Structure formats: C-alpha cells, structure tokens
Amino acid sequence: MSGIFIVFEGIDGSGKSTQAKLLAEWFEERGYEVVLTKEPTDSDLGKIIRKLIVEGGIIDGSRVSYETEALLFAADRAEHVKRVIEPALQEGKVVICDRYFYSSLAYQWARGLSLEWLIKINEFAIRPNLAILLDLPTKESIRRIKVRGGATEFDKLVELQKRVRQNYLKLAEMFPEMKIVNAMASIEDVHKDIVALVEHELL
Ligand code: ADP
Ligand code: TYD
C-alpha cells in the first residue's frame with residue numbers, strides 16, 4: 001500500500017484530536033491528500049458503541065460485558081480498516097486516525113482482559129507506519145477534560161486513566177512503530193515535536 005498511515009494514541013484529554021487536526025493541515029499544506037478519521041467511528045456500529053459503552057459507563061464499566069465491549073470495538077475497527085483506511089492508502093493518501101487498536105489494548109487490558117486475546121481479535125488491523133503516543137500525567141489530562149467539559153466522575157476516571165497510561169507505556173516497548181511524545185508542552189510545541197518525528201521517521 002502506497003499511502004502513509006499515522007495514528008494518535010493517549011489517555012482521554014491528552015490532545016489527540018487537537019494534534020491529529022494540526023498534522024492533517026500540515027500535510028495538506030504540503031500538497032498531500034489527507035483522510036482524517038477516528039475510532040470509535042461515526043458509522044452506525046460506532047454510534048452503538050458510543051451509546052452502549054462510552055455514554056453507558058466507560059468509567060464504571062459498561063452495561064455490556066468487557067468481552068463484548070472489546071469485540072464491539074474490534075468489529076467497528078474491522079469495518080473501518082476495510083471501508084476507509086485500506087482504500088485510502090491504496091489511493092496513496094495520508095490517513096490520520098485518532099485512536100486505533102492500541103486503544104483496545106490499553107483500555108480493555110486495563111479492564112482485566114488478556115492482552116494476548118486482545119491482540120488476537122485485532123490481528124486483522126494493519127499496522128500503521130507510525131503510532132504517536134501523547135503521554136502526560138493523569139492530573140493534567142483531568143484538568144484539560146474539566147476545561148473541555150463532559151465527564152463528571154473524576155475520581156474514578158483518575159484511577160482508570162492511571163492504569164491506561166501505564167499500559168500505553170508498556171505497549172510502546174512492545175510495538176516499535178509506537179513513539180512517545182511529551183504532551184505537556186503547549187499545543188504549538190507538541191505539534192513541532194510531532195512534525196519533527198514524522199519527518200525523521202517517514203519522509
Ligand atoms: P483528546 O482528543 O486526546 O481527548 P483533545 O485534543 O480534545 O484531547 O484535548 C483536550 C482538551 O485540552 C481540549 O480542550 C484542548 O483544547 C486542550 N488541549 C489540547 N492540547 C493541549 C495542550 N498542549 N495544552 C493545553 N491544553 C491542551
Ligand atoms: P474518544 O471519544 O476518542 O475519547 P477522548 O476524545 O476523550 O479521548 O473515545 C471514547 C472512549 O472509548 C475513550 O475513553 C477510550 C475508549 N476506547 C476503548 O476503550 N477502546 C477502544 O478500542 C477505543 C477505540 C476507544
């Protein structure tokens with residue numbers, strides 16, 4: 001496949017959607033055709049996931065079992081890969097995705113599921129050229145989420161986010177395409193670090 005596939009990962013509020021958008025603009029200014037996308041997706045399946053899992057209780061644990069949760073995220077991803085990501089890469093486009101299978105590994109592993117099983121059910125997910133892990137302390141991510149509005153049960157969220165952050169750092173040791181970027185700096189400085197990384201690794 002001839003395109004470039006980049007994904008953003010990190011705990012909630014780490015700046016993924018902000019940085020994905022800036023990187024998409026950076027590529028577009030240089031004449032690339034870009035597909036900016038995300039998971040869970042905006043498809044009907046993605047909407048079910050948001051309703052059942054994200055709104056249903058990503059903090060306390062969802063109304064469905066953790067196994068179902070993992071399988072739903074994987075099913076949404078399977079459609080995303082086949083219908084959106086692979087076709088765009090075949091057309092030589094840059095695909096930038098806000099969350100990918102590493103999110104399933106980090107979050108559903110934090111729920112207590114087996115990492116091996118999670119890797120297995122996500123085996124179809126083609127590996128990106130670069131997975132950018134926006135890393136920052138939980139305290140700062142919670143501060144940003146409070147400013148953005150939305151979640152409310154902050155104490156429980158802190159505990160989950162701490163586990164997820166540690167999981168991401170372990171995943172970065174397992175997957176060579178995953179590179180850690182310090183997300184504590186200003187939006188502009190984080191963007192500059194990401195551009196430097198992209199130029200060094202991919203262009
Ligand atoms: P995510 O997509 O990872 O949940 P967002 O990009 O939505 O994160 O960012 C969460 C909030 O923090 C937003 O209100 C955003 O404007 C703000 N934000 C993003 N990056 C930074 C940064 N480097 N410094 C301060 N605030 C930031
Ligand atoms: P998202 O809307 O990207 O949250 P945010 O913008 O706050 O980072 O993702 C919704 C939630 O779904 C988020 O808490 C992470 C979780 N999630 C999983 O648990 N597993 C997955 O495979 C994916 C894609 C997301």
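Start by selecting helix α1, residues 16–29: this helix gives the most to the shell around ligand 1, with 3 residues. Keep in mind as you look around that the model is predicted.

Now add ligand 1 itself and show its surroundings. You should find 13 residues around the ligand, and the closest are G13, K16, T18, R148 and A185. Colour the shell by residue character, and its members divide into 3 nonpolar, 6 polar and 4 charged.

Zoom in on the oxygen atoms of ligand 1 next. Select T18: an N or O atom in its side chain is 2.5 Å from an oxygen atom of the ligand. Move to S17, where a polar backbone atom lies 2.9 Å from a ligand oxygen. Then pick G15, which places a backbone N or O atom 3.0 Å from an oxygen of ligand 1. How much of ligand 1 does the protein bury? Taken alone, the ligand exposes 560 Å², and the protein buries 78% of that. Before leaving, highlight α6 (138–148), which along with α1 gives two or more residues to the shell.

For the last stop, hide the ligand and look for a cavity. The count comes to 1 cavity of 30 Å³ or more, and the largest has a volume of about 30 Å³. To see its walls, select G10, I11, L133, L134, D135, L136, R165 and Y168. Which elements give two or more residues to this lining? They are β4 (130–135) and α7 (154–174), with β4 supplying the largest share, 3 residues. Coloured by character, the lining divides into 5 nonpolar, 1 polar and 2 charged residues.

Note on methods
Residues numbered from 1 in each chain as written. Chains lettered and ligands numbered in written order. Predicted model: local features only at pLDDT ≥ 70, side-chain atom pairs only at ≥ 80, totals over all residues. Heavy atoms only, no water. Near = heavy atom within 4 Å. Polar contact = N/O pair within 3.5 Å; in protein donor to acceptor, adjacent residues only side chain to side chain. Areas by Shrake-Rupley, 256 points an atom, 1.4 Å probe, with all protein chains shown as cover. Helix = DSSP H or I, 4+ residues; strand = E, 2+ residues; numbered from the N terminus. Nonpolar A, V, L, I, M, F, W, Y, C, P; charged D, E, K, R; others polar. 1 Å grid on protein atoms, 1.4 Å probe; cavity = no way out; pocket = protein on both sides within 12 Å on 5 of 7 lines; lining within 4 Å. Points joined across faces, edges and corners; volume = space filled by probe spheres on them.
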